[in-house]
Every structure is written in C-alpha cells, then in structure tokens.
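Biologist: I am new to this structure and should like to understand the terms used to describe it. May I ask how each description is justified?

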Amino acid sequence: MSDASYLSLEKLTLAYGDSVAVANLDLNIRKGELIALLGPSGCGKTTTMRAIAGLLPVKSGHVRLDGADITRVPANKRAVGLMFQSYALFPHLSVYENVGFGLKLKGMRGTELDTKVKSGLKSVGLSDFANRKPAELSGGQQQRVALARSMVMEPKVLLLDEPLSNLDARLRLEMRTELQRVQKETGVTMIFVTHDQAEALALADRIVVMKSGKIEQIGSPEDIYNRPTSSFVADFVGFENIFPLENGKMKTSAGLIDLSGHLSSGAPSAAGLAWRPRMVTLGTGPFQGTVRGTSFAGDSREYLLDSAFGPIKAEVEASRPTHALGDALVFDLPAEKAAPLSRFV
Amino acid sequence: MTARSLFIPITLLLVIAFLIGPFLIIVAASFSAGETLAFPPQGFSLRWIAKVFTVESFRASFGMSLFLAIGGTAAALVLGIPASYALSRYKLPGAEIVRTVVSAPIIVPGIIVGLALLRYIVVPFQVGITLALFLAHTALVLPYAVRVVSASLDNLRSDIEEAAVLLGSSRLGAFFRVVMPNIRGGIMSAFILGFVTSFNQVPVSLFLSGPGVRTLPVDMIAYMEIVFDPSVAALSSLLAFLSIGIVFIAERFLGFSRYV
Ligand SMILES: Nc1ncnc2c1ncn2[C@@H]1O[C@H](COP(=O)(O)OP(=O)(O)OP(=O)(O)O)[C@@H](O)[C@H]1O
Ligand SMILES: [Mg+2]
C-alpha cells in the first residue's frame, strides 16, 4: 500500500442483475482525504458507496482498504461507516443507545462504553439529548446522532450519501462546517456523495465527477471548477457556452467558424472549448450578436445573444450600461480564458 | 327537525341496537333466576354464573380452546413473522401471489377449511384430533398474523438494518436487534387478533372434535342441545367481557387499531 492508495477501487464493476450500474471504475484515495462524489442522478454514486461498504456484492474488480483486499469481506467486518441520507437511526433506542449500539457489539461495557458514548455525543453537541428518542429530535440533530454513531466506531473510511440534502439551507451550511471540523479533527478518510457542486467545491480535497457509471474527471476543486476536461464536466460546473472543435475550427449551427489566431497554443488539439457566461466580453470583440433575452441577477445581469455560434450566454456586472432586447452587439470569447476540453460528448 | 335530518341518527341507533342488542340480551339472561334460557330474565341471581365453573366439560374445553388460541397463534407467528419479513423485504417474483394465497383463508368459509382438513388430512393420515385442531387453528390464524405483521414491517424503514450491519451486527442479529423491537406492537396486535379469532372459531372446530376433545364454543353448542339453561348465556357473557378486556388493554397500551 502506498500513501496514495489507502482506499482503492480497481476495475470495479457493479451490477443489479444483468444491468451494469458501474463499469471498470478505478479510484485511489489517500488516507485522511475528503472526497466528493459528484454527478447527476442515476450515475452510480450510491451504488459505488454501497459496494465500498459491503452492502452490494462486487461483480468484478477489487476494493482494497488499508492494505487488505476487502472485496469479499462482509459489511459488518469492514470498519467502514456509512451515513444514510435518511439517517437510519434506530427508532426504539435513545440517542445514547443509538451511539452506543456498535460499541456494545464490539463488546465494550461499563465505564469505557459510557465514556466513549458521552464523548461522541459531546463532539456533536448533543450531550443534553442523550435520553431522547430519535423521533423527538430535529432533522439536524438526528443527523448529528448519525454522525456520532458512525464516528465512535472509529471507521477507517466514513461514507456519507447526500448527508445534507434533507436539511434546509441554513442548517446545511452549519452541518457542512461540522462535517469539515470532524474530518479535520479525527483525520478520518471521508467520501461524500452530492448533487450539489457548490457543496463539493466547498468541502472536498478532491472531487470525483461521475457520469453513467464511469469517472468523468478527478481533480481538486480548482481543477474541476476552472479546468474541466470534458464538455460534460464543463456543463456540470456552469460553463454555459460550450462548443466542439474540428481542426481548430469551431462547429456551430452556422457551419465552421475559423478561430485560428484566436486560440491559445495548446488549444487547437482540443475537442472543444468552453466559456462561463462571466468570461464573455460584451461591447468589444470580433463577433456579432443580437440580444434575445436579459435577466437581472442582483450583482450582475445576464444576456442571451443570438450569434453565428448559436445562442451565447453572457454575464456582466449590473453597473454596466444595459442593452435592450433586439440590440446588436459585438462580443468576444477571449481565448486566454477558454477551458480547452479534451473530450466532447 | 325534518325527516331528512332524522334519517342518519335513526340509522345509527338501529345499527347500534343490532350490534349491541343481542349482547345485552345475553348478559341480562345470564343473571336470570329462572330454569331456562329466556328473555326477559326471571328474577336476578348469580347461580348460572357460578354453575359455569362447575361444569366439567366446560373446564376441559376451555383448557383446550386456551391451548389452541395461545399455541396456534404462537405457531402462526413463528411461521408468519419470517414469511412477512421475506415478503416485505425481498422483491421476490410472485410475492403478490404468495401474499394473496396466504390471506386466502380469511375469505374461504371455515366450513370448507374444516371439511377439507378432515377429509384430506385427518382421515387419510390418521392425525390425532388435538394435533389436527392445532394445525387447523395455526392455519386459520396465519393469514391474520401475516397481514398485521406485514403492515408494521411496511412502516419500518429497511435501512436501519443496514445501519446495524455496518455497526458490526450480523444480518440475523440486525433482525433481532432492530427489526423485532420496532414491530413489537404489530406482533402483540397480531397475537391478540389471532387469539380472539381462534378462541371464537366454530366452523372448523366443529369438524374436528372427538371423544373428550372439543373447543369451548363447540362444547357450548353441544351443551345447549341437551340442557337449555342460562349457564350458556352466563359463559358467553364471561367470554365477551374477557375479549373486551383484552382488546381494551391492547388498544390502551399498543394502539392496537393502528395495525388491524
Ligand atoms: N436496487 C436497484 N435495482 C436495480 N437497479 C438499480 C437499483 N438501485 C439503483 N439502480 C440503478 O443503478 C444506477 C445507479 O443508481 P444509483 O442509485 O447508484 O445512482 P445515484 O448516482 O446514487 O443517483 P441519485 O443521485 O439519484 O441518488 C441507476 O441507473 C439505477 O436505476
Ligand atoms: Mg443515490
């Protein structure tokens, strides 16, 4: 085991009956890393997590953890924690008993158990709620119990499946910070699933973007946000002007547009180019467009332009002079800002 | 008040009268001082209530009924809980068909079940009457057990079992540690419903009685054919109050009506 592969998935293929949900997935995760699994609904995030936890049998490939092949190790012997989206607290047990459940199964008793449970509750700020039943707690509190219940087990990896999606916006932010704190304090390796790119960007050391059971891109939040390598990731992180390239020419609804001299050096080999709306320059530039739509977004204003490229979305500061529907405008897609895409799908 | 607005209260009163009326008549008749079962009762006494406890065959058949109701229901739960669990947790092919078949005896008349058991099980295989009764009552109660237990299992999220497994429990351990405690109310309700159903069962038991082996309701019918005194009414009243007491306690402590 090298440092870079505390948890590694090797050519992991997962299926429900004959339908393959995850195909040939390779992923190496460092000890103590916080990984976000990002992707659209149905791309196989939950499936992957369940396989790591041992709840779903592996069709082929391997799961290795801390130097051991755990592909066939049963779920209750893996030292992998999973926090469910629904929290999955035991309704008949008190908060205290929920947190102590796994420790008791380990054979822990008496003061050792009591100390552990109490410090677990304390770390999530629920010391005063030890005797409540889960039904008597708010969503955020239930979430904390679930977190404490997993964490007292000192798992090698903690998996979280959309941990924040059931919470309202404010609580979400609070729990986000909480998760980060617990992760930093304990140094536990964490993988969390999310739909929400902002959450992934804010929390993760590295982001894994999945699509239809495959990894589309792995990278730091900066990589994913600024340097998407495929049109899919670009679209997912908010590049709204995405165009395929063919021999350095941009394919548009109006045919091929020559961009030679307009591309930075590495780009001509790219399969496509992408710009965020904010990267589009209005008022100067070589291209012609007509305003088709406009909307005010507080600090900024968005324009939808009709152009030889097809529709272009631009976002400029709200303080700039406004343009009316039907106005003709020049604009630029600045080459130095473009994200070159190596795959266009 | 118009005729229209009187319609509903009157209907309601009639329904109550038909439901409760016979019961009140029986209760009144049990306190009669007369020699025969009659209404209105002649005088007031507790002699028939007292007599119930002296009739030897009542005692024997009460024991038998109690044994069948407790044993049969327990057996039905032992079979029914795992069956319900499998039906609700695993998307087995044909699960719906199994559910329907298991529930069938609720719809099939008891007479037919009793006759079938007698003709095709008891007679050909020389099964003893007590065993036959036990099997019959288990089979009778099973559908109720499956229904009630299934209902409470369907209300229980299945991810808590996975959570238990990830905390170190085995699958079977998870069933006993987190499933059973959470469907306890359903199981108790199924037990009470099964108990009452079995205890009051006549048609099936009618076919399955032998020398000295009878359930209480069948014994009461036999008794009435010979002696027409108010002790049968007295016994009925006692049984009715027993049932009401059980259901009342169950509702009070378990919220019984949620499951039935
Ligand atoms: N129990 C199941 N039986 C059959 N197919 C399933 C099952 N669970 C998931 N799938 C399929 O496997 C694929 C991946 O599902 P998965 O639940 O892993 O997606 P996800 O990325 O977690 O989606 P979401 O963001 O909606 O939770 C989907 O096509 C889904 O339809
Ligand atoms: Mg999911």
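Modeller: Let us start with a definition: two strands pair if DSSP finds at least two bridges between them. The model is a predicted one. In it, Asp306(A) stands opposite Pro311(A) in S17(A).

Biologist: How do you know that strand S16 of chain A and S17(A) pair?

Modeller: Strand S16 (residues 300–307) of chain A and S17(A) are joined in the antiparallel sense over eight bridges. At least two bridges are required, so the two strands count as paired.

Biologist: What makes strand S17 and strand S18 of chain A edge strands?

Modeller: They belong to an open sheet of four strands with the order S17-S16-S15-S18 (chain A) and antiparallel pairing. Strand S17 (310–317) and strand S18 (328–332) of chain A each pair on one side only. From one strand to the next, the twist averages 50°.

Biologist: Which strands form the open sheet with mixed pairing, and in what order?

Modeller: Six strands of chain A form that open sheet, in the order S6-S7-S8-S3-S9-S10. Its edge strands are strand S6 (80–83) and strand S10 (214–219) of chain A, as each pairs on one side only. Here the twist averages 20° from one strand to the next.

Biologist: How do you know that strand S7 of chain A pairs with strand S8 of chain A?

Modeller: Strand S7 (residues 157–161) and strand S8 (residues 189–194) of chain A run parallel and are joined by five bridges. The requirement is at least two, so these strands pair. Val157(A) stands opposite Thr189(A) in S8(A).

Biologist: Which helix lies across S6 and S7 of chain A, and what is its direction called?

Modeller: Helix H4 (residues 139–151) of chain A lies there, running at about 175° to S6(A). Angles over 145 degrees count as roughly antiparallel, so H4 of chain A is roughly antiparallel to S6(A).

Biologist: Why is H7(B) called oblique to H8(B)?

Modeller: Helix H7 (residues 159–166) and helix H8 (residues 171–179) of chain B pack at an angle of about 120°, with their axes 9 Å apart. An angle of about 120° is outside the range of 65 to 115 for roughly perpendicular and is not over 145, so H7(B) is oblique to H8(B). Their crossing is right-handed.

Biologist: What kinds of residue make up the contact of H7(B) with H8(B)?

Modeller: The residues of this contact divide into six nonpolar, no polar and three charged. Among those in H7(B) are Ile160(B) and Glu161(B), while those in H8(B) include Arg171(B) and Ala174(B).

How values were computed
Residues numbered from 1 in each chain as written. Chains lettered and ligands numbered in written order. Predicted model: local features only at pLDDT ≥ 70, side-chain atom pairs only at ≥ 80, totals over all residues. Heavy atoms only, no water. Axes fitted to C-alpha atoms, helices over the stretch in contact; angles between N-to-C directions. Contact = heavy atoms within 4.5 Å. Parallel < 35°, antiparallel > 145°, perpendicular 65-115°, else oblique. Left-handed = near helix turned anticlockwise from the far one by under 90°. Nonpolar A, V, L, I, M, F, W, Y, C, P; charged D, E, K, R; others polar.
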